[in-house]
Amino acid sequence: MSNDELFLTGDAFFDEGNVEGAFAVFLEGAQNGCVLCMTRLACMYTSGEGIECDYDKAIEWELEAVNRGDVSALLNVGISHRITGDIRKAKYWFEKSIEAGDGSGALELARLYMVSDKEISTVKKYLNLAIVSKNMCEADIEEARQLLSQI
């Protein structure tokens, strides 16, 4: 099977609720160099679907996807580091995500800085950056607008 076929097969298994089958197919695709499979495999490790939750494995596959040019993996690595409590690394990857044109990195950074009233100007900067981003879903843009209106 080609990498595209592996991804589509894994995706179909996942949609059917066969998470173990999806995991096996995504793992095969990831090991064959399929970036989409790497990203889905990392998500499964992060959520513990089809396999025991393992953030180190998730980060390993996300970094492999980054090394192969997957821009969305930049954000995912940041999220994984945030989940594990490594805020410094999370910020680094969110900034890399922004540099690559992903506005979701700006929204994630705004959320991180919202823990302190002393960071209001930084929060506003990142929320405004997220709002004008061309590479962000409408729901995230709306969330950024709502957060901005509450400051």
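In what order do the elements of the chain run from the N terminus on? Colour by secondary structure and you get α-α-α-α-α-α-α-α-α: nine helices and zero strands. Here helices are DSSP runs of H or I with at least four residues, strands are E runs of at least two, and numbering starts at the N terminus.

Some ground rules. This is a predicted model, where local features need pLDDT of at least 70, side-chain atom pairs count only at pLDDT 80 or more, and totals for chains, interfaces and linings use all residues. Residues are numbered from 1 along each chain as its sequence is written, and side-chain values use heavy atoms, with hydrogens and water left out.

Now show the C-alpha trace, which spans about 50 × 30 × 30 Å along its principal axes. Of the 151 residues in the chain, 40% are buried (under 20% relative accessible area, 1.4 Å probe, protein chains only).

Next, select 72-84, which is helix α5. Put a distance on its end C-alpha atoms: they are 19 Å apart, which agrees with the 18 Å that its 13 residues should span at 1.5 Å a residue, because the expected span is 1.5 Å times one less than the number of residues.

Stay on α5 and show side chains. Its buried residues are A73, L74, L75, N76, V77, G78, S80 and H81. What covers them? Bring up α3 (35-47), α4 (55-67), α6 (87-99) and α7 (104-113), which are among the cover; contact means heavy atoms within 4.5 Å.

Last stop: click G85, just after α5, where phi is positive at about 95°.

Conventions: Buried means under 20% relative accessible area, exposed over 50%, partly exposed in between (1.4 Å probe, protein chains only).
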